[in-house]
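Grab your viewer and a notepad. Here are a few exercises to work through on one chain, each with a solution to check yourself against.

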Amino acid sequence: MRDGVRDGGRDGVVVLGAAGTRWGVLTTLGLLAVAAVVAWREWVPLGYLAGYAAIAACALVVTMVRHRGDTVTLMDEAVVVRSRGAQTVWPWEQVLEVSWSSATWPYSGSGPVLRVKGGAYDDPGPNVPAQVASLPLFGAREQQAAVRAFRSVAEERGLVFTPGLVDLITSGKRRPRLPGARRDARGGSL
């Protein structure tokens, strides 16, 4: 799994997982080196830089260790998320819309976003799409390969892929309506 995407060995199965960990380790070492040099030289005006670099390095290590074995398996009948020993399954017929969430902080992992049928307060649910996995993907090539694979599988199943879905809804630029539903409040949208 060089770029975070591999064929699961069966027809129609795609597995998304961690990728670019060498880049993540090199970035961690670089951030720790910056923090050490700033602290060693006692550059007081740059003290905030040392703190930020040390916190970012710790976040990278936590992400790589905590989510290194997480996978998202895109099967013919369902999306299967394995995260730290737990498994969650969402059948494709329950999925209303999909997206991909970039890391909220550059060092925290990114992953698929699902908006599924269910109750109004479910997470993810019809009113609240949510990121269902946090995959440590370091490097633009790895990230783009995972998004391309996820998007193509979702579109093969007739699902709408909306880039930045969570950001659109939280910013108020889009109401949490069903794909294809009218945009006004009188149209019966969610």
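The exercises below go from the whole chain down to single residues, and the model is a predicted one.

**Exercise 1. Work out the overall make-up of the chain: how many helices and strands does the chain have, and in what pattern?**

Step 1: count the elements. You should get four helices and nine strands.

Step 2: read along the sequence. The pattern comes out as β-β-α-α-β-β-β-β-β-β-α-β-α.

Step 3: check burial. Of the 190 residues, 42% count as buried.

Step 4: look at contacts with a separation of 6 or more. Residues 24 or more positions apart account for 53% of those contacts.

**Exercise 2. Describe how helix H1 and helix H2 pack: what is the crossing angle, and how do the directions of the two compare?**

Step 1: place the helices. H1 covers residues 21-41 and H2 covers residues 47-66.

Step 2: choose what to compute. Two packed helices are described by the angle between their axes and the distance between the axes.

Step 3: get both values. The axes come within 8 Å and cross at roughly 155 degrees. Angles over 145 degrees count as roughly antiparallel, so H1 is roughly antiparallel to H2.

Step 4: add the hand. The crossing of H1 and H2 is left-handed.

Step 5: list who touches whom. On the H1 side the residues include Thr21, Val25, Leu31, Leu32 and Val38; on the H2 side they include Leu49, Ala53, Ala57, Leu60 and Met64. By type, the residues of this contact split into 15 nonpolar, five polar and no charged.

**Exercise 3. Test the length of H2 and find its buried residues: which residues of H2 are buried?**

Step 1: do the length check. With 20 residues at 1.5 Å a residue, H2 should span 28 Å, and its end C-alpha atoms are 28 Å apart, so the two agree.

Step 2: pick out the buried positions. These are Ala50, Ala53, Ala56, Ala57, Ala59, Leu60, Thr63 and Met64.

Step 3: think about the spacing. An α-helix has 3.6 residues a turn, so residues three or four places apart point the same way.

Step 4: ask what sits on top. The cover over the buried residues of H2 includes H1.

**Exercise 4. Classify two residues: is each of alanine 33 and leucine 74 buried, partly exposed or exposed?**

Step 1: alanine 33 belongs to helix H1. Its relative accessibility is 40%, so alanine 33 counts as partly exposed. From alanine 33 to alanine 53 is 20 residues in sequence and 8.7 Å in space, C-alpha to C-alpha.

Step 2: leucine 74 belongs to strand S3, residues 71-74. Its relative accessibility is 0%, so leucine 74 counts as buried. Leucine 74 and alanine 149 are 75 residues apart in sequence, yet 9.3 Å apart in space, C-alpha to C-alpha.

Note on methods:
Residues are numbered from 1 along each chain as its sequence is written. This is a predicted model: local features need pLDDT of at least 70, side-chain atom pairs count only at pLDDT 80 or more; totals for chains, interfaces and linings use all residues. Side-chain values use heavy atoms; hydrogens and water are left out. Axes are lines fitted to C-alpha atoms, for helices over the stretch in contact, and angles run from 0 to 180 degrees between N-to-C directions. Angles under 35 degrees count as roughly parallel, over 145 as roughly antiparallel, 65 to 115 as roughly perpendicular and the rest as oblique. A crossing is left-handed if the near helix is turned anticlockwise from the far one by less than a right angle, and right-handed if clockwise. Contact means heavy atoms within 4.5 Å. Ala, Val, Leu, Ile, Met, Phe, Trp, Tyr, Cys and Pro count as nonpolar, Asp, Glu, Lys and Arg as charged, and the others, Gly among them, as polar. The expected span of a helix is 1.5 Å times one less than its number of residues. Buried means under 20% relative accessible area, exposed over 50%, partly exposed in between (1.4 Å probe, protein chains only).
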